[in-house]
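Subject: The structure I promised you

Hi,

Here is the structure I said I would pass on to you. Open it up, have a look around, and then come back to my notes underneath.

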Amino acid sequence: MDPNFIQTLHNLLVQSTANDTVQLKAATAQLNREYYKNPACIPALASIIASSPETAVRQLAAVELRKRVSQNDGDMWTQVPLSERNQIKSKLLELILAEPSNLVRHSTARVIAAVASVEVPLGQWNELLPFMEQTCRSPSVSHREVGIYILYTVLENIVEGFESYMQNLFKLFEALLADPESAEVRITTVRALGVIAQYIDSVDKDEIKSFQHLLPSMINVIGQCVESGNESGARQLFDVFETLLILEIPLLGQHIPQLAQFLLSCGANRNYEEDLRILALNALNWTIQYKKSKVQAHNLAPAILEGLMPITTEEEPEDIDDDAPCRSALRIIDGLATNLPPSQVFPPLSQLIRQYFSSTDAGSRRGAMLALGVAVEGCSEYMTPLMDQIWPIIEVGLRDPDAGVRKASCVAISCLCEWLEDECVGKHSLLVPTLMQLVNDPPTQRTACSALDALLEVLGDVIEQYLQLIMEHLAGLLESAPLPVKSVIIGAIGSAAHASKDKFLTYFQPTMLHFQQFLVLTGEGEEQELRGITMDAIGTFAEAVGKDVFRPYFSDMMKQAFAGIQMNSARLRECSFLFFAVMARLYKEEFAPYLPEVIPALMSSLKQAEHGEELSLSNGEAAASFASGSSPATAISIEDSEEIVDIDKLLDVNSTICIEKEIAADTIGGLFANTGAHFLPYVEESTVELVAQLSHYYDGIRKSASDSLLDIVRTLYEQSNPPEWQPGQAVQYPLGPPVKELINHVLPALLDMYETEDNKKVVASLCIALAETINKVGPAFLEGKVEQIANIAIQLLEGKAMCQQDPDQDEEEEAPEDTAEYDSILVSSAGDLVASLANALGSDFAQAFPTFFNLISKYYKKNRSLSDRSSAIGALSEIIAGAKEAVTPLTEPLLELFYRALSDSEPEVLTNATFASGLLVEHSTMDLSSQFLHLLAAYRPLFDVPADAPIARLNARDNAVGAVSRMIFKNPSAIPLDQVLPVLIGAMPLKQDYLENRPLFRTIFHLFSTQPLVLQPYMDKLLHVFAYVLDPSLPEQVGEDIRKELIALITLLNREDPVKVQAAGLAPFVPGA
């Protein structure tokens, strides 16, 4: 080895660790040009590691040596003569034991691992494994620390070649987990086990058993780290356990109760550092999310909730972005509510809420109210019948003497408004005045405004009685409130506009004038947020007052939106994209001239990198901080890079950019739908970019991208002016080439995404969008993909989709019937997908129907949730509507199921059961006349509904009208018309479900043409109903076809009795009258 080569290389490395930027650049250039491309640098760097007196140089040499060894799969390493390679391997094993610097030892261990990854697969370096085992068992603690770290790094790089040694490794690790002298040995052993876990196969029962045997010791090591305040070690070990939680092999199963209890006790212990408590609680949240079947099977929720509630009472930090144990505890309560059956969560939580809310300690009352708020999302359906017991707690909370409790009560109301709209609207007389009072109170002003915003969003027509009071009050507050409160006030005004629609016209111009000042804000932080939320509110105004009233502001506001895009703020770009979507929806093709500027902005957003401002360090600074261990604890050092990146800033920027991208992706599909042919030049570019987003790590982007892609498919199909498709697997009308090419590009990508998709919301949204597209495009969309798409529905209904998997649930084990409310979304969306297949395939669906009937019908059981029961019957009704006579072979089991559903206690289920049974009568070729009287008896109670009944009851009555109409049309002679017609006509006009006017009027027309005398006694009522449904001032109720036939009937009736017809106000509909 040329000593001059080594010395010059050493000098350049010394120069690279200097703080002089000019020297650094010169040295780096020379190293890359003259040394790092030459295999001779490998023995030279090894020599420097062994001999250099400077720690930073040895460290840098080890980093560079690892790079050279790993380069091109070890190509440069194998160019070094064999004798020199063997010498280097021996030397590395010697020097690492003698190296005094921990950081240099670690970097050298990574060199050894890099060499092993090249040599071991070739059957070479047989001395390595005995060396590692011997070192790990050494009586010297420093040698054990080195040995286990080498083993850990080697396993990180390569497991092949160690398979036959696995049981020996487990025995070695068992001893190291109990190392009496070194926490470092114990910690690194857990990390090594975390690496091995990723390579254990589900069929390797012995290895799984051996690993599980070590889990209690692994948990103890984390406990030791937390107890001793070793935050760095605890972070590493919590990372290991989070990895174990997401693996697809059942390693943790039997230890989940122990793990949950351990994590909870760590998180609850106020003697520990806050950061460590938060780490433990976050790991508990992951445990609930990824091991929910075991948490559910062991009924752990009550004990976890009992341990969490004291944590919720702790003081909250002022800054909303700061984490704290109390916030982590509330996240876990939310996780329990959304991942587990509400029957396991809400009863114990409700009891704890009452207990804590009755406390004299304000923190306990605040914690109780916040716990109630976060539980709503996952337990809303379960809570609905219990709201009479919950409202008194809310009411008392809103008037609590402690401001913190009043704020928490406002937060709870915001959650209730999002998930239990009708119940909140029903309490408007309590909520609106109380919230308006709290808006006046400075401590509660901001949260009360947020709660008011949420309430106004859902208030609908009820807002009219409060609108003047709200607008005058909020406008006054806008003058004096601080910036953060101004943002919330503007949001509330936007929601008031949304609810009041054209009633907002009175306030539109003065509010726009007032808002101008906020549209020119250029500061960061709160000013940007205020500017953005003002744009959002103005978009809402536009939809409320209509495009003609808004037109004078349209051009200027578009300029403001484009200006926002230029301000280097993800939040303002997001708001601009939302505004573009609203304007396109409002102005349709008038928006098209803006597309050349809008589309590039959206594309640029989707293509941007997701990283924050990097804290750049020179090589010298990086090497020095490596050597001294002085790099900040809050930063992550990325080896092989010249940067150290602040992870908190990185994650924060990632999240804001991800939300911006989500909105950008979502906007694209709507732009095409609303601007039509003007968007055609951008279809290809948009599609390519959206397909690229389907693999994004953020679920919101995947959901928006898949929705927009299918939006584009539907719109391009419409633009092709296709003939009306005919149901059946054979495609009668082939798609135009551009549409077919688009589907061939989009659909495989979406189906690939589904295979690995683990987010339930994304999968549910995909199913709904696929169903909509199949219903629009017909069988041509399914060509060659029927089985693949049908399998999505089958997997979801069987509970075997990727997003439903829990590796600790045995494959042969049936999914529990009591499930989280969130899981019902998947059942409903799968039902939509099956119904769309039935609609597109028509009679060709007959062969598949028995499979789907069995899968769907199991969701109608008394112990199933309302959503499951309703979705099951609703899906079957839509399948009957699509497949028509193809359902005949299953008529009897369908009818038996519908009879059971017709005795359900919930109006929503009764609505679907009535609709479904009516469709079965209509479409089955089996004569069901013998069942008519039984069905009529089941429908009869649905007609007795007071005028102020809940919407669900009115819906049920309208569907009963439709079902009875279908029966009469099918076989009038099997119906006692003299008893049925008074009830049927007495329920007219329909109040909610106008689609049921189709079978109703079809039957009326049929009776007028075949048995007009039976309708004679009801003529006055019928004429007034005709006038009502034709009234142009009312919403459309009958559709164009019925309208034409109805006007023809009125014309005929006018000839017979013009006085009656004109007295009913029908003269305008009689031609020539």
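Below is what turned up, going from the whole chain down to single residues. Keep in mind that this is a predicted model.

**The whole thing**

Let's start with the overall picture. The protein has 53 helices and three strands. Its C-alpha atoms fill a box of roughly 120 × 65 × 65 Å along the principal axes. For 1073 residues, a compact globule would have a radius of gyration near 31 Å, and the 35 Å found for this protein agrees with that. Buried residues make up 56% of the 1073, where buried means under 20% relative accessible area.

**The annotated part**

UniProt, in an unreviewed entry, lists residues 27-98 as "domain: Importin N-terminal". Over residues 27-98 the chain is 81% helix and 0% strand. The C-alpha atoms at the two ends of that stretch are 29 Å apart.

**Cavities and a pocket**

How many cavities of 30 Å³ or more does a search of the whole structure find? There are three. The largest cavity has a volume of about 40 Å³, and its lining is made by Ile96, Asn102, Arg105, His106, Glu145, Val146, Tyr149 and Glu184. Two elements, α7 (102-119) and α9 (141-157), give two or more residues each to that lining. Sorted by type, the lining of the largest cavity has three nonpolar, two polar and three charged residues.

Next, the second largest pocket, which holds about 1,000 Å³ of space. It is lined by 32 residues, and the closest to its centre are Thr384, Glu423, Leu866, Glu906 and Glu908. Helices α19, α20 (362-383), α23 (421-426), α43 (866-883), α45 (907-923) and α47 (951-970) give two or more residues each to the lining of this pocket. By type, the lining of the second largest pocket divides into ten nonpolar, ten polar and twelve charged residues.

**A helix to check by hand**

You just met α19 as part of that pocket lining, and it makes a nice exercise. Helix α19 covers residues 342-357, so 16 residues at 1.5 Å a residue should span 22 Å. The C-alpha atoms at its ends are 21 Å apart, which agrees. Which residues of α19 are buried? They are Pro342, Gln344, Val345, Phe346, Pro348, Leu349, Ser350, Leu352, Ile353, Tyr356 and Phe357.

**Some odd backbone spots**

A bit of background first: most residues other than glycine have a negative phi, and most peptide bonds are trans. Now for the exceptions. Asp73 is not a glycine, yet its phi is positive, about 55°. Asp73 sits in the loop between α4 (55-70) and α5 (75-79). Is Asp73 buried or exposed? Its relative accessibility is 78%, so Asp73 counts as exposed, since the cut-off for that is over 50%.

Lys588 is another non-glycine residue with a positive phi, this one about 50°. You'll find Lys588 in the loop between α31 (570-587) and α32 (595-607). With a relative accessible area of 41%, Lys588 is partly exposed.

Then there is a cis peptide bond, which joins Met988 and Pro989 with an omega of about -5°. Pro989 lies in the loop between α48 (977-986) and α49 (997-1010).

**Sequence distance and space**

Finally, three pairs to try with the distance tool.

- Met603 is in helix α32 and is buried, at 2% relative accessible area. Met603 and Ala665 are 62 residues apart along the chain, and their C-alpha atoms are separated by 8.8 Å.
- Val827 lies in helix α41 (residues 821-841) and is buried too, with a relative accessible area of 10%. Val827 and Ile394 are 433 residues apart along the chain, with 33 Å between their C-alpha atoms.
- His934 belongs to helix α46 (residues 932-939) and counts as partly exposed, at 48% relative accessibility. From His934 to Thr667 is 267 residues in sequence and 51 Å in space, C-alpha to C-alpha.

Have fun clicking through it, and shout if anything is unclear.

Cheers

Terms used
Residues numbered from 1 in each chain as written. Predicted model: local features only at pLDDT ≥ 70, side-chain atom pairs only at ≥ 80, totals over all residues. Heavy atoms only, no water. UniProt positions renumbered as here; feature names shortened; annotations may be inferred. Helix = DSSP H or I, 4+ residues; strand = E, 2+ residues; numbered from the N terminus. 1 Å grid on protein atoms, 1.4 Å probe; cavity = no way out; pocket = protein on both sides within 12 Å on 5 of 7 lines; lining within 4 Å. Points joined across faces, edges and corners; volume = space filled by probe spheres on them. Nonpolar A, V, L, I, M, F, W, Y, C, P; charged D, E, K, R; others polar. Expected span 1.5 Å × (residues − 1). Buried < 20%, exposed > 50% of the residue type's maximum accessible area, 1.4 Å probe, protein only. Rg over C-alpha atoms; globule rule 2.2 N^0.38 Å.
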